Amino acid sequence: MEKKKLTRKEFMVNTSKYAIGAAVGVAGINAIMSAKELRAGSSNSNSANWPYPYAALDAEETRLLAYNLYWNGKDCSSGVFGALVQKLEIAVGDPWTGFPIEVLLFGRGGGVGWGSLCGALNGGAALISLAVDKDPSGALINELWGWYTTENLPTDAANAISYPDPHFVGEMPQNIAGSPLCHPSVSQWCLIAGKKVHDVERKERCARIAGDVAAKTVEILNEYYAGTFVPTFTDPASNATCMGCHGGEGDDNVMTHMECLTCHTPHTGIESLGGIVTGYALHNAYPNPFSQSTNIKFSIPETGIVRLEVYNLKGQLVKSLIDSETMKPGTYKADWNGTNNSGQRVSVGTYLVRMTTGNFMKTIKLNLL
Ligand code: HEC
Ligand code: HEC
């Protein structure tokens with residue numbers, strides 16, 4: 001593991017920059033203005049050390065430190081951030097020495113009890129942002145947060161440890177939050193464990209998770225600096241359907257990697273089946289004839305505006321299944337439950353389903369019993 005250390009020359013360059021900054025401070029308003037202009041440009045002297053040098057850490061030692069910091073007034077966010085800072089203070093020294101780990105105190109309880117981003121995740125991400133360049137840091141943080149959403153927490157490893165200064169002894173119940181948010185994670189756990197937010201067990205659980213997140217952050221950073229980091233997290237599969245219409249190639253009005261269905265209920269009967277598509281197709285419906293609901297499969301080989309509509313034999317529009325949506329290439333499955341656009345059941349008989357996109361148009365017949 002390569003230890004990134006400031007050479008004496010780099011150190012001299014940095015100290016002279018600070019010296020110039022200090023001189024500007026006493027040189028009057030005009031000089032301060034130009035210093036401000038400088039900051040607005042590319043050379044921000046305070047960032048000269050960034051990203052901070054990193055040295056491989058021991059994940060298990062960092063875990064224990066985060067657990068202890070949690071119980072010693074630093075809570076989840078500063079606990080995780082502080083554990084790595086204090087370990088790097090020993091492993092690297094400056095510029096980590098004396099870094100005020102309390103900067104992350106706000107992150108506790110998902111942001112002073114707001115239940116937004118899990119504070120432990122906030123702490124780990126802040127440390128990564130300090131030790132890794134902007135471009136690669138996104139992938140590392142994505143991995144950390146994605147891992148958290150899919151992992152049974154506190155991990156078995158966290159439950160197996162006998163902590164030196166324990167606040168609760170024994171295994172803690174586990175849950176997979178399915179979300180990086182503090183609120184669903186904590187509330188779901190309270191439900192499963194039969195505990196309250198203010199019970200010591202809930203705090204112990206979050207202390208162990210702080211340890212888990214600190215250890216995972218170390219693991220990711222160690223791998224990154226050893227050149228062996230390979231991202232594994234991918235967005236929840238069900239998001240593909242939603243993002244086909246709401247993502248960059250569609251309406252482009254949604255930005256999240258979170259599982260949509262933890263907060264929203266589907267408002268279309270459209271499901272993405274993925275796959276590589278070489279031509280347009282509208283397949284026969286299944287089942288057909290049908291009484292309750294039927295599936296209509298179609299494929300598009302390129303991004304295009306799609307309409308999928310049900311007509312009666314008089315040629316009147318009964319139901320818009322897809323109303324001029326921009327959709328990505330793929331195979332999709334649409335459900336029709338025999339209702340019209342007002343949500344009322346239509347009478348039995350024969351109906352036509354028409355798909356229109358680009359130069360492609362096809363109609364199939366349906367029998368509602
Ligand atoms: C076939 C295209 C399509 C798909 C698939 C789709 N949406 Fe939408 N969605 C729309 C359109 C069109 C609107 C209305 C205009 C808008 O707000 O973009 C909409 C609106 C919404 C709204 C705003 C509230 C509302 O109901 O008007 C939410 C929330 C939403 N969609 C969530 C989702 C989620 C979650 C999924 C996946 C389970 C999803 N959508 C899948 C096309 C789609
Ligand atoms: C943590 C909860 C949460 C998650 C996860 C989530 N949303 Fe939302 N979303 C909301 C809330 C809250 C609103 C605002 C209230 C509303 O319109 O329902 C919203 C609004 C929207 C809107 C309406 C914006 C508009 O143009 O009117 C769309 C569309 C939407 N979400 C789609 C999605 C999609 C797609 C996903 C998954 C990729 C997703 N959401 C994941 C909570 C969430």
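Two strands count as paired when DSSP finds at least two bridges between them. Keep that rule in hand, because it tells you how to read a bridge partner. In strand β6, Y332 is the bridge partner of F298. In β6, Y332 is also the bridge partner of S272. The model you are looking at is predicted.

Start with the whole protein. It has nine helices and eight strands. There are 369 residues, and buried ones make up 31% of them. Now look at contacts between residues with a separation of 6 or more. Of these, 63% join residues 24 or more positions apart.

Return to the strands. Strands of a sheet pair through backbone hydrogen bonds, either parallel or antiparallel. Four strands here form an open sheet, in the order β1-β6-β3-β2. The pairing is antiparallel. The edge strands are β1, residues 270-274, and β2, residues 281-282. Each of these edge strands pairs on one side only.

Next, trace β6 and its two partners. Strand β3 covers residues 294-300, and β6 covers residues 330-336. Seven bridges join them, and the two run antiparallel. Find I296: A334 in β6 stands opposite. Strand β1 is joined to β6 by four bridges, again running antiparallel. In a regular strand the side chains alternate between the two faces of the sheet.

Another pair of strands is worth finding. Strand β4, residues 304-312, pairs with β5 over seven bridges in the antiparallel sense. V306 stands opposite E325 in β5. The two strands form a hairpin with four residues between them. In that hairpin, G315 takes a positive phi near 85°.

Now turn to helix α3, residues 59-91. How far does α3 span between its end C-alpha atoms? The span is only 13 Å. A straight helix of 33 residues would span 48 Å, at 1.5 Å a residue. Look for the bend at G73, where α3 turns by about 130°. After α3 comes G93, whose phi is positive, near 90°.

Some backbone angles in the loops deserve a stop. Most residues other than glycine have a negative phi, and most peptide bonds are trans. V112 is not a glycine, yet its phi is positive, about 35°. V112 lies in the loop between α3 and α4, where α4 is residues 119-131. Is V112 exposed, partly exposed or buried? A residue is buried if 20 or more other C-beta atoms lie within 10 Å of its own, exposed if 12 or fewer, and partly exposed in between. V112 has 13 other C-beta atoms within 10 Å, so V112 is partly exposed.

D252 is another case. Its phi is positive, about 55°, although D252 is not a glycine. D252 sits in the loop between α9 and β1. D252 counts as exposed because it has 11 C-beta neighbours inside 10 Å.

Two cis peptide bonds come next. One runs from L153 to P154, with omega near -10°. P154 is in the loop between α5, residues 134-150, and α6, residues 156-160. Another cis bond runs from Y286 to P287, with omega near -10°. P287 is in the loop between β2 and β3.

Finish at the ligands. Which residues come nearest to ligand 1? They are C242, C245, C260, H264 and E325, out of 15 residues around ligand 1. Two elements, α9 (239-246) and β5 (317-327), give two or more residues to this shell. The largest share, five residues, comes from α9. By class, the shell around ligand 1 has six nonpolar, seven polar and two charged residues. You have already met E325, which stands opposite V306 in the β4 and β5 pair.

Ligand 2 is surrounded by 14 residues. The closest are C242, V254, M258, C260 and C263. Seven residues of the shell around ligand 2 are nonpolar, six are polar and one is charged. Look for C242 at both sites: it is listed among the nearest to ligand 1 and among the closest to ligand 2.

Key. Residues are numbered from 1 along each chain as its sequence is written. Chains are lettered from A and ligands numbered from 1 in the order in which they are written. This is a predicted model: local features need pLDDT of at least 70, side-chain atom pairs count only at pLDDT 80 or more; totals for chains, interfaces and linings use all residues. The expected span of a helix is 1.5 Å times one less than its number of residues. The bend at a residue is the angle between axes fitted to the seven residues ending there and the seven starting there. A residue is near a molecule or strand if its C-beta atom, placed from the backbone, lies within 6 Å of it. Ala, Val, Leu, Ile, Met, Phe, Trp, Tyr, Cys and Pro count as nonpolar, Asp, Glu, Lys and Arg as charged, and the others, Gly among them, as polar. Two residues are in contact if their C-beta atoms, placed from the backbone, lie within 7 Å.
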